[in-house]
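Please walk through the charged side chains of this protein and then through one of its strands, keeping the coordinates open alongside the text.

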Amino acid sequence: MLSYGCHIRHLSVLNSTRLRQHSSSIAKTAMGSLSALYQPIQYPTARRDDSVLDDFHGVKIADPYRWLENPEAEEVKEFVQKQVALTDSVLQRCDCRPKLAEKITKLFDNPRYNAPFRRGDNKYFYFHNTGLQAQSVLYVQDTLEAEAEVLLDPNALSEDGTVSLNTLSVSKDAEFLAYGLSSSGSDWVTINLMRIRDKTVQPDTLSWVKFSSISWTHDTKGFFYSRYPAPKDGELVDAGTETNANLYHELYYHFLGTDQSQDILCWRDPENPKYMFGGTVTEDGKYVLLYIEEGCDPVNKLYYCDLSELPNGLEGFRNESSLLPFVKLVDKFDGQYQAIANDDTLFTFLTNKDAPKYKLVRVDLKEPNAWTDVIPESEKDVLESARAVNGNQLIVSYLSDVKYVLQVRDLETGSLQHKLPIDIGTVSEISARREDTVLFIGFTSFLTPGIIYQCDLGTQTPDMKIFREIDIPGFDRSEFHVNQVFVPSKDGTKIPMFIVARKDIVLDGSHPCLLYGYGGFNVSLTPYFNISRTVLARHLGAVFCIANIRGGGEYGEEWHKSGSLANKQNCFDDFISAAEYLVSAGYTQPRKLCIEGGSNGGLLVGACINQRPDLFGCALAHVGVMDMLRFHKFTIGHAWATDYGCSEKEEEFHWLIKYAIPIMKNKNDVLYFINA
């Protein structure tokens, strides 16, 4: 079996005539190159250290390659370089690679846009990529009709392109931009500030930021952000390569024009070092909401602080050691609570509390025990999002059998007012605030590269029109067919799967097939456009499929829970069943079937190729969570225990050991595992 990884995003199509001229020769050349890849490969020798032996609740586990956990060790660096050299040697056997590289470069070259958002009196901000830029560029314009100017170009932040834009927030008056930068793919972020009117970068620099949003107070004096304590003397400071756990998250407030050392510590909880905090200022500017999470489950605590009631404002805490006087509204991890709107003390929340498919509820802070439903839970569809717009209206999106439905509802009563016309696909973004009458909606599907709709709610019937549309020369959606099937899994549960292929495909088992999956952390995989996979379907006869296996959020929290913790094997059974269907239905055959997934999806791929090696010919496992017994010991891995469990607990260890990836078992009953 050939196993390798590559991930190509945002491809676009060449002129169709030119592609037709080259597709046959490329396919023939590729087949010859691929056959060369099946020649025996001499992998670098990895030193075994048989002295490392753990005891998990009476079960002995050997870990002979634990020395690879130290990315700074010279031996590890040398091993990695040998792996790189091996990869290069394999790729050099692909004599069609230069031609493919040339074609793919051209396929990337089409302009892309994000939906604009409004701040200040009438300034609009949006991201735009001309086609081949590594990162999209942030633009600003005084009106939608005015000429746009570059505000921030992340591509110019470093010569080697390793600095990327992680997060940003524009102040309410559109005077300042706060933006977070990360280097070399690290989760660590440095927040910088820019004065928008003259694009002047301010001296403010905030470090050790991680898993943070940026939320301005309406007076533009500063913003809330989250960070970890700075490393102590002697600790590793090369942020991005360290593997120690991230603990003791904190919420801060930064005043413009001051040093980070003067920031206000707003909240911390040293008794719960794994908690993570996020602060969000409400749209009316009166409250800051404190969201508290412990892991990756869709649950949170929720506190609030009335900023208008602080006698000396936030400035009064500058020389104080006390934290902000947050009031506990929800102090249990019994559901997820996301604020949608508030009228003074009357708040509307999106929640899954007693509603696994989510609902909208309302509570008055003056009567915190009296919660009422605004939009009850749907029997079948998942309430994905809700946004207050146009004063007293809501834009809500539902997920119905993994397809989006968009509605306009009344904020006060929740009653349905309008259904917005969208194709079968994904609502990728909704850009609007409660004060906005006009909103922008991002949409994509397997056969729709991208549309931004402009929807005016100021008319009796919503006026929805195309604001921008991505055009890919030569792409003809009529050449393809998208089919959704429901495949019975091992226990009979029907698993949705999308299949994208040419219309004229013959189901004779001859086609290469790429099956993608994730199945974890309540993440839903919905239809989206990927030109590289479309090109595979058009010119190499490939079939592209997405399996919506359990563990995701496609059918709500029950669907998520049925693929996590003790039920994790359901994910693998679902994916294997989807693969078996593709073979039995005549789309492909095992040696032509490739499976792909990243992170939790990498675990999915790793488990499936070990449980059913006969079923797959190729596997792409990107940055997979492979060490199921020790993942919780590194960086933010402890947060993943909500989906996997933790080997330090005996019951959960026995869940994990069932699908951890064994190498061998020796005569002394010591298990050896692949730890990656």
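**A buried acid and its surroundings**

The side chain of Asp204 makes a polar contact with the side chain of His254, at 2.7 Å. This distance, like every other value below, is computed from a predicted model. Asp204 is found in strand 12, and a polar atom of its side chain also lies 2.7 Å from the backbone nitrogen of Gly257. Which side chain of opposite charge is nearest to Asp204? That side chain is Arg318, but it is 8.9 Å away, and Asp204, although buried, has no salt bridge. Because a salt bridge requires a side-chain nitrogen of Lys or Arg within 4 Å of a carboxyl oxygen of Asp or Glu, the contact with His254 is listed as a polar contact. Leaving aside residues up to four places away in sequence, Asp204 touches Ile191, Asn192 and Leu193, and also His254, Phe255, Leu256, Gly257 and Thr258.

Other charged residues do find partners, and the count for the model comes to 40 salt bridges. One of them joins Glu149 to Lys199, with the closest N and O atoms 2.8 Å apart. Glu149 lies in strand 8 (residues 149-152), whereas Lys199 lies in the loop between strand 11 (189-195) and strand 12 (200-209), so the pair ties together parts that are 50 residues apart in sequence. Glu149 is partly exposed, with a relative accessible area of 44%, and Lys199, at 31% relative accessibility, also counts as partly exposed.

A second salt bridge connects Lys301 with Asp331, and here the closest N and O atoms are 3.7 Å apart. This pair, too, links distant parts of the chain, since Lys301 belongs to strand 19 (residues 301-306) and Asp331 to the loop between strand 20 (327-330) and strand 21 (337-343), 30 residues apart. Are the two partners buried or exposed? Lys301 counts as buried at 11% relative accessibility, while Asp331 is partly exposed, with a relative accessible area of 36%.

A third salt bridge, between Glu557 and Lys561, has its closest N and O atoms 3.9 Å apart. Both residues lie in helix 5 (residues 557-561), where they are 4 residues apart, about one turn of the helix. Glu557 is buried, with a relative accessible area of 13%, and Lys561 counts as partly exposed at 29% relative accessibility. Elsewhere, salt bridges that share partners join Asp54, Asp63, Arg66, Glu69, Asp627 and Arg630 into one network.

From charged pairs the path now turns to a strand. Of the 5 residues of strand 7 (residues 137-141), 5 are buried, so this strand is largely enclosed by the rest of the structure. In a regular strand the side chains alternate between the two faces of the sheet. In strand 7 both faces are covered, with Val137, Tyr139 and Gln141 buried on one side and Leu138 and Val140 buried on the other.

Which strands pair with strand 7? Strand 6 (residues 123-129) pairs with strand 7 in the antiparallel sense over 5 bridges, and in strand 7 the bridge partner of His128 is Val137. Strand 8 also runs antiparallel to strand 7, and 3 bridges join the two, with Leu152 in strand 8 as the bridge partner of Leu138. Strand 8 is also where Glu149 lies, the residue whose salt-bridge partner Lys199 is in the loop between strand 11 and strand 12.

Terms used:
Residues numbered from 1 in each chain as written. Predicted model: local features only at pLDDT ≥ 70, side-chain atom pairs only at ≥ 80, totals over all residues. Heavy atoms only, no water. Buried < 20%, exposed > 50% of the residue type's maximum accessible area, 1.4 Å probe, protein only. Lys, Arg positive; Asp, Glu negative; His and termini not counted. Polar contact = N/O pair within 3.5 Å; in protein donor to acceptor, adjacent residues only side chain to side chain. Contact = heavy atoms within 4.5 Å. Pairing = 2+ DSSP bridges.
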